[in-house]
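Thanks for coming. I will take one structure today and go through it piece by piece. Please look at the screen.

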2 protein chains.
Amino acid sequence: MATISDVAKLAGLSVSTVSRVINDSPHVSEKKRNSVKSAMERLGYVPLPAARQLRGSKTNTMAVTIPRIVNPFFSYLVDAIEQKLDEAGYSTLIVQTFSKAEEELTALNLLKNQQVDGVILCSLENTWSIISDYCKYGKIILVNEYLKDVHVPIVRADQYDGFYKATNFLFDEGYSKIAYATGRKSITIMEKEANFDADRFAGFQDSLSEHKLGLNHDWLFTNAHTAEDGKNIFKMIMALDNKPDVIIAGSDEVAMGITQEAEEQKVKVPKQLGVLGVDDQPVSANLRIPLTTIRQPVNEMGQKAAETMLHLMSGESVPKVQICKLKIIKRASA
Amino acid sequence: MATISDVAKLAGLSVSTVSRVINDSPHVSEKKRNSVKSAMERLGYVPLPAARQLRGSKTNTMAVTIPRIVNPFFSYLVDAIEQKLDEAGYSTLIVQTFSKAEEELTALNLLKNQQVDGVILCSLENTWSIISDYCKYGKIILVNEYLKDVHVPIVRADQYDGFYKATNFLFDEGYSKIAYATGRKSITIMEKEANFDADRFAGFQDSLSEHKLGLNHDWLFTNAHTAEDGKNIFKMIMALDNKPDVIIAGSDEVAMGITQEAEEQKVKVPKQLGVLGVDDQPVSANLRIPLTTIRQPVNEMGQKAAETMLHLMSGESVPKVQICKLKIIKRASA
DNA sequence: TCACATCGTGAAATCGTTTCCATATCTGTA
DNA sequence: TACAGATATGGAAACGATTTCACGATGTGA
């Protein structure tokens with residue numbers, strides 16, 4: 001492994017000059033610049049990242065936190081982010097949090113330890129007071145998830161609008177007994193905070209109110225994440241005396257579980273129970289019962305997020321909040 | 001940010017001693033060890049990775065190369081690898097190659113530049129002669145993909161056996177005109193090398209021969225990767241005078257495209273055309289026509305790969321080749 | 001022609017660790 | 001009692017880059 005002094009020796013110059021060439025700073029004569037370059041070439045020299053980092057320079061690496069990479073929503077989001085960052089010469093470090101607060105801190109500590117220049121949080125496990133401490137170590141932005149009173153740039157989808165319109169859409173389709181499933185642990189939390197899930201729920205509720213309907217707590221399901229959860233939700237619905245005629249499933253995965261279990265039990269979707277997914281995963285169009293779903297603007301969010309981070313890096317100002325629109329994709333399940 | 005000397009000062013000891021405690025080397029009295037530990041605790045001290053790396057010690061990071069993270073096969077593979085590595089205290093760096101040789105070299109250069117302790121190649125874009133040069137910089141293993149005459153540990157699936165049995169299975173099901181799609185660029189290459197695709201094809205061919213059948217070149221499709229490719233393949237099949245009665249699709253994604261286009265054109269699957277997928281992606285069971293498919297042992301491979309790498313790290317010997325079995329999952333499409 | 005700014009260059013300090021070497025203290029044995 | 005060997009500790013060099021500082025050469029304007 002050639003070092004900077006090897007290059008200096010070969011070029012008959014000092015390491016300072018070589019360093020200047022590497023970081024293309026001015027005040028180096030064209031002639032020496034070229035001789036350094038050819039020496040680097042000849043030795044196949046590449047600066048050792050660890051040494052540069054130690055001196056406190058940029059790492060050209062960005063961390064992205066997500067709950068789990070096997071969730072297609074996040075793998076596509078990461079993909080979009082990574083491609084944009086790549087174009088700008090940044091590497092991407094994917095950190096799976098598995099929805100654990102400590103794992104998220106791992107990513108934040110990467111910033112503290114100067115291993116990355118910035119962190120793109122697509123998952124939010126810690127309270128903001130904990131996270132904000134890390135802002136002094138580098139740039140942080142929030143993507144998809146969001147909170148009120150956060151002073152870092154946010155790129156997010158308009159969950160309120162999407163869910164409000166989606167609920168209206170269900171009414172238009174003739175449904176009136178609308179159930180609601182969410183990944184959240186409880187509904188009370190959702191009602192207090194101004195975030196992702198709360199906005200969805202608010203959009204849902206506002207549409208309900210406008211149709212002169214209140215909340216039926218029997219039709220609210222929490223902790224819904226997987227297809228398995230969806231199956232259980234379906235079972236719970238069937239056990240109800242007063243059954244909903246449609247359910248907003250919280251994710252395509254949960255929606256898939258619901259439709260699957262419905263089929264198993266010979267309940268017709270959407271006739272006996274409509275199912276509205278959320279995400280529009282690539283497969284959702286190819287399911288046995290193609291999902292009607294609320295498409296998330298994954299690519300748009302990923303690209304905007306990467307661009308925002310890049311602007312931040314070059315010291316440009318960025319919008320405080322960027323909002324992308326959700327879209328209802330009508331297929332067969334509702 | 002507290003440094004090692006801050007800790008030393010607070011504990012009233014030398015940096016050497018603190019360093020010994022950090023790396024729990026012997027020859028430190030229990031008393032001082034404790035006082036160092038409490039000093040570290042008090043300052044919230046964490047060793048700076050860049051500085052450790054510079055001194056040439058371990059990075060506790062592993063690179064994993066994959067073609068694309070949005071491909072569920074690879075996201076599950078990475079997931080399995082990451083979880084095992086995590087348990088052992090290693091971080092995982094995911095490198096998407098986008099099937100480009102240069103991107104793969106990026107990952108290998110991570111090894112050269114001491115940014116990772118090892119590389120797990122789940123994608124193989126360069127020739128072995130290029131890759132083997134990097135072995136001197138750290139540990140490399142091959143997962144899923146493989147080549148003949150490679151001197152690094154390999155964890156792979158038994159593609160030959162899987163495809164041989166799958167083809168037999170199709171004969172048992174009453175098919176006899178079997179088409180074959182692959183991601184490979186051409187069939188000639190496949191017949192020469194001893195690798196992933198070649199083994200699949202060999203298994204397919206051998207079963208064919210045993211049933212006294214030769215290859216029909218009209219039924220061989222190359223360059224098949226996406227659902228879109230699958231749709232095109234279906235169209236090409238329909239244009240044939242002598243049509244196959246079943247197709248081994250190369251991947252579930254391609255299989256999905258084929259069944260989708262078949263439905264579009266009112267061709268009954270599996271009655272008029274059977275479709276056999278490969279991978280068993282999580283959604284394959286929930287498609288409109290649930291896919292009969294060859295399941296890849298993703299989790300098993302991922303776990304074995306991580307374990308192998310960990311053994312390598314601790315200097316233990318590991319098997320040259322570890323082979324996991326494929327399994328046929330019978331559903332509705334064939 | 002003088003004063004002063006700019007340019008080009010190298011020496012040396014610095015970043016935060018690990019590790020080699022030297023030294024001091026402690027053990028057990030002849 | 002003395003001495004070899006193990007144990008415990010600290011000092012300082014080393015890792016490979018960047019960056020500050022100093023200094024001579026060159027250019028510019030009055």
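Arg288(A) is the residue of chain A that comes closest to the rotation axis, with its C-alpha at 1.3 Å. This is a predicted model, so keep that in mind throughout. What turn lays chain A on chain B? A turn of 180°, with a shift of 0.2 Å along the axis, and the RMSD is then 0.2 Å. The two copies are therefore related as by a two-fold rotation axis. Both copies use the same surface for their contact: 97% of the contact residues of chain A recur in chain B.

Now the DNA, beginning with strand C. How many residues surround DNA strand C? There are 25, and the closest are Thr17(A), Arg20(A), Lys32(A), Arg55(A) and Ile4(B). By class, the residues of this surface are ten nonpolar, nine polar and six charged. Three elements each supply at least two residues to the surface near strand C: α2 (15-22) of chain A, and α2 (15-22) and α4 (49-54) of chain B.

Which parts of strand C does the protein approach? Of the strand C atoms within 4 Å of the protein, 59% belong to sugar or phosphate, and the rest belong to bases. The individual contacts include each kind of partner. For a base, take Ser16(A): an N or O atom in its side chain is 3.0 Å from a base nitrogen of strand C. For a phosphate, take Ser19(B), where a side-chain N or O atom is 2.8 Å from a phosphate oxygen of strand C. For a sugar or linking oxygen of strand C, take Arg55(B), which has a polar side-chain atom 3.1 Å away.

Next is DNA strand D. It has 25 residues around it, and those that come nearest are Ile4(A), Thr17(B), Arg20(B), Lys32(B) and Arg55(B). Sugar and phosphate make up 59% of the strand D atoms that come within 4 Å of the protein. The surface near strand D has ten nonpolar, nine polar and six charged residues.

Arg55(B) appears again here: one of its polar side-chain atoms lies 2.5 Å from a base nitrogen of strand D. Two serines face phosphate oxygens of strand D, with side-chain N or O atoms at 2.8 Å for Ser19(A) and at 3.0 Å for Ser14(B). The elements giving two or more residues to the surface near strand D are α2 and α4 (49-54) of chain A, plus α2 of chain B.

Last, the sheets of chain B. One is an open sheet of six strands, in the order β2-β1-β3-β4-β5-β11, and its pairing is parallel. Its edge strands, which each pair on one side only, are β2 (91-96) and β11 (321-324). On average, neighbouring strands in this sheet are turned by 20° against each other, ignoring direction. Four bridges join β3 (118-121) to β4 (139-143); in one of these strands Gly118(B) has Lys139(B) of β4(B) as its bridge partner. Helix α5 (72-87) packs on this sheet, where it touches β1 (61-66), β2, β3 and β4, and its direction makes about 170° with that of β1(B).

There is also an open sheet with the order β7-β6-β8-β9-β10-β12, again six strands, and here the pairing is mixed. The edges are β7 (220-221) and β12 (327-329). Strands β8 (246-248) and β9 (274-279) run parallel and are joined by three bridges, and Val246(B) stands opposite Gly274(B) in β9(B). Helix α12 (252-264) lies across β8, β9 and β10 (292-295), at about 155° to β9(B).

Definitions and conventions: Residues numbered from 1 in each chain as written. Chains lettered and ligands numbered in written order. Predicted model: local features only at pLDDT ≥ 70, side-chain atom pairs only at ≥ 80, totals over all residues. Heavy atoms only, no water. Near = heavy atom within 4 Å. Polar contact = N/O pair within 3.5 Å; in protein donor to acceptor, adjacent residues only side chain to side chain. Nonpolar A, V, L, I, M, F, W, Y, C, P; charged D, E, K, R; others polar. Pairing = 2+ DSSP bridges. Contact = heavy atoms within 4.5 Å. Axes fitted to C-alpha atoms, helices over the stretch in contact; angles between N-to-C directions. Least-squares fit on C-alpha atoms with pLDDT ≥ 70 in both.
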